[in-house]
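User: Please take a close look at the disulfide in this model. Then go through the rest of the structure in one connected account, in plain terms.

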Amino acid sequence: RRAATGLNVVVIVLDTLRCEAVGACGGPFGLTPNIDALARTGASFRKAFANASWTRPSMVALLGGNYATALSSTPVRYSQRPDEPPKFYRARPQLLTRLLKDRGYQVEFIGNNFFILGYAPIGLDLGFERAVDIRHHVLDTPAIARATEAWLERNRDHRFFLMVHFDTPHIP
């Protein structure tokens with residue numbers, strides 16, 4: 001929906017959800033009726049690829065529009081070497097979150113992804129003004145959905161970028 005002076009953006013990340021599990025991609029399980037309905041009316045990509053094999057560098061690449069290594073984020077280690085976060089911050093990559101914040105957007109995150117939260121030594125500050133961390137291996141999906149619905153209702157008249165990250169598919 002259009003905010004007062006621009007389009008609002010909601011990015012929904014389903015961590016490690018394989019396409020063949022989704023009905024809209026031909027999955028036989030019937031597990032994703034809401035995603036399937038959204039795919040019928042929205043844009044859907046049959047060939048989408050992550051720029052890294054795990055979350056932190058993938059999120060840096062998604063928000064930065066470049067390979068994680070080009071944005072000073074290591075693609076291979078869970079814990080960063082002590083010199084890596086300062087290298088990332090000195091490089092100050094142009095992240096979508098920062099660009100939108102500079103243009104007056106409210107930029108927030110809701111979900112289960114501790115790499116977004118900037119926890120040293122594993123996370124980086126990816127430019128979110130506020131991050132709501134909902135951590136549970138199974139119950140996070142309904143809690144994240146409720147928090148997102150409430151957030152959207154409270155912020156319906158603001159210009160915003162909201163990233164929502166569901167992690168439950170990761171567990172099995």
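**The disulfide, the sheet and the cores**

Analyst: The disulfide between Cys19 and Cys25 is left-handed, because the torsion about its S-S bond is about -100 degrees. The model is predicted, and the two sulfur atoms of Cys19 and Cys25 are placed 2.2 Å apart in it. A search of the whole structure finds 1 disulfide. Is each of its two cysteines buried, partly exposed or exposed? Cys19 has a relative accessibility of 33%, so it counts as partly exposed. Cys25 also counts as partly exposed, because its value is 30%.

Next comes the sheet. It is an open sheet of 4 strands in the order 3-6-4-5, with parallel pairing. Strand 3 (9-14) and strand 5 (130-133) are the edge strands, and each of them pairs on one side only. On average, neighbouring strands of this sheet are turned by 10 degrees against each other, direction ignored. Strand 4 covers residues 106-111 and pairs with strand 5 in the parallel sense over 4 bridges. Within this part of the sheet, Ile110 stands opposite Val132 of strand 5.

A salt bridge also links these two strands. The side chains of Arg130 and Glu108 meet at 3.0 Å, N to O. Arg130 belongs to strand 5 and Glu108 to strand 4, so the pair ties together parts that are 22 residues apart in sequence. Glu108 is buried, because its relative accessible area is 8%, whereas Arg130 is partly exposed at 40%.

The whole structure has 4 salt bridges. Another one joins the side chains of Arg135 and Asp133, at 2.5 Å from N to O. Arg135 is partly exposed, with a relative accessible area of 38%, and Asp133 is partly exposed at 31%. Arg156 forms a salt bridge with Glu153, with the closest N and O atoms 2.6 Å apart. Here too, Arg156 is partly exposed at 35% and Glu153 is partly exposed at 48%.

Two helices that lie across the sheet strands come next. Helix 5 (residues 140-154) lies across strand 3, strand 4, strand 5 and strand 6, and runs at about 170 degrees to strand 6. Helix 2 (residues 55-64) lies across strand 3 and strand 6 (160-166), at about 155 degrees to strand 6. Of the 10 residues of helix 2, 9 are buried, so the helix is largely enclosed by the rest of the structure. Among the buried ones are Met59, Val60, Ala61 and Leu63. Their cover includes strand 3, helix 3 (84-91), helix 4 (96-102) and strand 6. After helix 2 comes Gly65, whose phi is positive, near 65 degrees.

Helix 2 also leads to the nonpolar interior. In soluble globular proteins, nonpolar side chains tend to be buried together. The largest nonpolar core has 17 residues, and Leu63, Leu126, Phe128, Phe161 and Met163 touch the most other members. Helix 2, strand 4 and strand 6 are the elements that give two or more residues to this core. Helix 2 gives the most, with 3 residues. Leaving aside neighbours within four places in sequence, the contacts of Leu63 include Leu95, Leu96, Leu126, Phe128, Phe161 and Met163. Another core, of 8 residues, lies apart from this one, and its members include Ile144, Trp151, Leu162 and Phe166.

Conventions. Residues are numbered from 1 along each chain as its sequence is written. This is a predicted model: local features need pLDDT of at least 70, side-chain atom pairs count only at pLDDT 80 or more; totals for chains, interfaces and linings use all residues. Side-chain values use heavy atoms; hydrogens and water are left out. A disulfide is a pair of cysteine sulfur atoms within 2.5 Å. Buried means under 20% relative accessible area, exposed over 50%, partly exposed in between (1.4 Å probe, protein chains only). Two strands pair if DSSP finds at least two bridges between them. Axes are lines fitted to C-alpha atoms, for helices over the stretch in contact, and angles run from 0 to 180 degrees between N-to-C directions. Contact means heavy atoms within 4.5 Å. A nonpolar core is a set of buried Ala, Val, Leu, Ile, Met, Phe, Trp, Tyr and Cys residues joined through side-chain atoms within 4.5 Å.
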